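Here is a short briefing on one protein chain. Please look over the sequence and the structure before reading on.

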Amino acid sequence: MIPKQYIAVLALLLAFALPAAAGGGGGGDGLYIGDIGQAIASLIIFGLLLLVLGKWAWKPIIAQLQRREQRIAETIKNAEDRQAQADALLEEYRQKLAAADAEVADVLASARKDAAAAREQILQAARAEAGRIAEQSTTEIEQAKSVAIRDLYEQAAVLATDVAGKIIRKQLKPDDQKQMLQDALAEIKQRAGK
């Protein structure tokens, strides 16, 4: 079966060959048979050439071109698929990076909060310790003050008794000395209370 393209080319050649044959190429008055024969032979040779080329040359060339076109289309499709995958991967990495940034911000905020809480705990512990030390110091000072006042009273009483004894120039009995001591202490306490 002859393809439609070959038939169209043969019809076109016949359309150009017949008027040339009718015009006479030999300079004579009539139709020159040699020109028609030559035209028919040329047409047959051209037809055979088209048939041979169509069967053995055009089909492989067209098949090769179609295969090449198909490979190019597949390459383009693969490139588009890879571009889509790369875009998706890039978007995934961007999301992971944003999530990591958010996590870092959360960790920093938590660390700051923990540091502030630890600072407040340390300050409270230091204040409590300072208060305890101040209270202990106050207690020790009060105790030392009481001991010093008692010693002062005793020394003052002994001194007063000695002075009184010297004034009287007599030796007192232990009971008298004790009574005088108690009276002197009471008087010193009374004066210190004012």
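Which residues make the nonpolar surface patch of about 540 Å²? The patch is made by L49, L53, W58, I61, I62 and L65. Keep in mind that the model is predicted. The points below cover the overall fold, the patch and the salt bridges.

**Overall fold**
- The protein chain holds three helices and zero strands.
- Along the sequence, the pattern reads α-α-α.
- Helix α2 covers residues 33-168.
- Of the 194 residues in the protein chain, 8% are buried.
- Among contacts with a separation of 6 or more, 59% join residues 24 or more positions apart.

**Surface**
- About 16400 Å² of the protein chain is exposed.
- Carbon and sulfur atoms supply 62% of that area.
- The nonpolar patch accounts for about 540 Å², with W58 among its members.
- I62, one of the patch residues, is found in helix α2.
- I62 has 43% relative accessibility, so it counts as partly exposed.
- That value also fits the patch rule, because patch residues need over 30% relative accessible area.

**Salt bridges: the count**
- The model has four salt bridges, counted with a nitrogen-to-oxygen cut-off of 4 Å.
- Three of them are described below, beginning with K77 and D81.

**K77 and D81**
- The side chains of K77 and D81 meet in a salt bridge at 3.3 Å, N to O.
- Why are K77 and D81 separated by about one helical turn? They are four residues apart in helix α2.
- K77 is partly exposed because its relative accessibility is 49%.
- D81 is also partly exposed, at 34%.

**K96 and E92**
- K96 forms a salt bridge with E92, and their closest N and O atoms are 3.2 Å apart.
- Both residues lie in helix α2, four residues apart, or about one turn of the helix.
- K96 has 49% relative accessibility and counts as partly exposed.
- E92 has 36% and is likewise partly exposed.

**R127 and E120**
- R127 forms a salt bridge with E120.
- The closest N and O atoms of this pair are 4.0 Å apart.
- Is R127 buried or exposed? R127 is exposed, because its relative accessible area is 56% and the exposed class starts over 50%.
- E120 has a relative accessible area of 34%, so it is partly exposed.

Note on methods: Residues numbered from 1 in each chain as written. Predicted model: local features only at pLDDT ≥ 70, side-chain atom pairs only at ≥ 80, totals over all residues. Heavy atoms only, no water. Patch = residues over 30% accessible without salt bridge, like charges linked within 9 Å, V, L, I, M, F, W, Y side chains within 5 Å. Areas by Shrake-Rupley, 256 points an atom, 1.4 Å probe, with all protein chains shown as cover. Helix = DSSP H or I, 4+ residues; strand = E, 2+ residues; numbered from the N terminus. Buried < 20%, exposed > 50% of the residue type's maximum accessible area, 1.4 Å probe, protein only. Contact = heavy atoms within 4.5 Å.
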